[in-house]
Amino acid sequence: MRPTSLDDYVGQEHLVGAETPLGRLLRSGNVPSCILYGPPGVGKTTLVRLMATATERDLLEINAVTAKVAELRDLVAEARRRKHARKGRMPLVFVDEIYHFNKQQQNALLPSVESGDLILVGTTTENPFFEINKTLLSRMLVFELRPLGQESLEALLGRALRDRERGLGMLELTPEEDVLGMIAQGAGGDARQALMRLEAVANAVAAGGGSRITAHAVEALLPKALQRFDRKGDDHYMVISALIKSMRGSDPDAAIYWLARLIAAGEDPRFVARRLLIFAAEDVGLADPQALLLAAAASYAADMTGFPEARIILAEAVVYLASAPKSNSAYLAVNTALASLEKGNVQEVPEHLRPHGAGYVYPHDDPRHWVPQNYMDRLLRSYFPGALGAEREMGARLRGFWRRFRDEEP
């Protein structure tokens, strides 16, 4: 069911739409050396082949999982030959899963990319900024492909169900309303997964003599929805980032959803608990000091119980933290003080604050339990007014409490 033209390509409108820079390049016969980066099943390989077709270039393919350096050298030599045969028109060299190449293999491609013997297009599911040599990456553009949306997947499934030559049209099946949407929703933005699910259901219905794909057949046959998540990859960091930002934005519903994504993917409860501890101190902070105690208790309880029960404990903590008032005053204060030290604000400890220093006044000897006393160099204080200024919120509360206490007591 791979499309044969850019006009038939579904999804990735932000990259190959008619008015996008890359779309204009391809439709004018040009293609840059580039990396196509994105999760499985979103059309990376298909797009590479359409790049060659749309620009009328020879396509040479190699898989980085099995290729050796000798094969790469042969590929480069063939690319030079094709360029000469086509009077300077560079062929497109496609390296699938290019991140599997080691440094030596990647370096073997570098001179040919630089000299213009070939146009290199690589695909990768891993972040190219971490996995590809900087010297090679600096000569290529990086385009990120996204998981396909529900509408795009439904369009692909409908096309496959109707196509009698390449698809399932010969089965002459009709889907119930919303059935294609059910299949698309369970595919996690992966077109390959969506087509596999459709094929399995369609063949099962046809084998039973049926002519209609029902919601019951989909629910009975297909497994749970695909969870697009890699505990060591970008999804890991994107989902935890979404959880933190949802809590910071005081949206407990969204926060619970992102927590559920982590739980469903089998994330380590200790990892989630550590992030909740950090959030309680950094984002809730002195607006609700109780939050850190609750996060610490939840961390201990989740570690003691483990999944599945830990999901309840973590959910309780997430709802509390998302709903709590927010203040990053302590976070700002310590960062400002550290930045001040880096700028050279290193003062001597005042004489009266040193061990056995002369002139120190013991606050508890005063009936107010507080005395006006300098605890840092006033001239140097101006270097980082935010360090103590950021604490005004909690300090004002405490001072107000002690004033009331002092006024009420004889």
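What follows is a short talk between a visitor and a guide about a predicted model.

Visitor: Why is Thr45 called buried?

Guide: Buried means under 20% relative accessible area. Thr45 has 19%, so Thr45 counts as buried.

Visitor: Where is Thr45 found, and what does Thr45 touch?

Guide: Thr45 is found in helix α3. Leaving aside residues up to four places away in sequence, Thr45 touches Arg2, Phe94 and Asp96.

Visitor: What makes Arg49 and Glu61 a salt bridge?

Guide: The cut-off is 4 Å between a side-chain nitrogen of Lys or Arg and a carboxyl oxygen of Asp or Glu. Arg49 and Glu61 meet at 3.2 Å, N to O, so the pair is a salt bridge. The pair links distant parts of the chain. Arg49 sits in helix α3 (residues 44-55) and Glu61 in strand β2 (residues 59-63), twelve residues apart.

Visitor: Why is Arg49 called partly exposed?

Guide: Partly exposed lies between the 20% and 50% cut-offs. Arg49 has a relative accessible area of 32%, so Arg49 falls in that range. Glu61 has 41%, so Glu61 is partly exposed too.

Visitor: How do you know that Asp117 and Arg80 form a salt bridge?

Guide: Their side chains meet at 3.0 Å, N to O. That is within the 4 Å limit, so the pair counts. This pair also links distant parts of the chain. Asp117 is in the loop between α5 and β4, Arg80 is in helix α4, and 37 residues separate them.

Visitor: Is Asp117 buried or exposed?

Guide: Asp117 is buried, because its relative accessibility is 14% and the cut-off is under 20%. Arg80 has 42%, so Arg80 is partly exposed.

Visitor: What makes Asp366 and Arg368 a salt bridge?

Guide: The side chains meet at 3.0 Å, N to O, so they pass the 4 Å test. Asp366 has a relative accessible area of 18%, so Asp366 is buried. Arg368 has 37%, so Arg368 is partly exposed.

Visitor: Which residues do salt bridges with shared partners join into one network?

Guide: They are Asp58, Glu78, Arg81, Arg82 and Arg86.

Visitor: How many salt bridges does the structure hold?

Guide: The structure holds 17.

Visitor: How do you know that the span of helix α5 is close to the expected one?

Guide: Helix α5 (residues 103-115) has 13 residues. The expected span is 1.5 Å times one less than that number, so 18 Å is expected. From its first C-alpha to its last, α5 reaches 19 Å, close to that value.

Visitor: Which residues of α5 are buried, and what do they pack against?

Guide: Gln105, Gln106, Leu109, Leu110, Ser112 and Val113 are buried. The buried residues of α5 pack against α4, β3, β4, α6 and α7.

Visitor: What caps the N-terminal end of α5?

Guide: Asn102 does. One of its side-chain oxygens lies 2.8 Å from the backbone nitrogen of Gln105. The limit for a polar contact is 3.5 Å, so this distance falls within the limit. Just after α5, Gly116 takes a positive phi of about 85°.

Visitor: What makes Leu338 fit a nonpolar surface patch?

Guide: Patch residues need over 30% relative accessible area. Leu338 has 46%, so Leu338 passes that cut-off and counts as partly exposed. Leu338 is found in helix α17 (residues 329-342). Together with Val334, Leu341 and Val346, Leu338 makes a patch of about 370 Å².

Methods:
Residues numbered from 1 in each chain as written. Predicted model: local features only at pLDDT ≥ 70, side-chain atom pairs only at ≥ 80, totals over all residues. Heavy atoms only, no water. Patch = residues over 30% accessible without salt bridge, like charges linked within 9 Å, V, L, I, M, F, W, Y side chains within 5 Å. Areas by Shrake-Rupley, 256 points an atom, 1.4 Å probe, with all protein chains shown as cover. Helix = DSSP H or I, 4+ residues; strand = E, 2+ residues; numbered from the N terminus. Buried < 20%, exposed > 50% of the residue type's maximum accessible area, 1.4 Å probe, protein only. Contact = heavy atoms within 4.5 Å. Polar contact = N/O pair within 3.5 Å; in protein donor to acceptor, adjacent residues only side chain to side chain.
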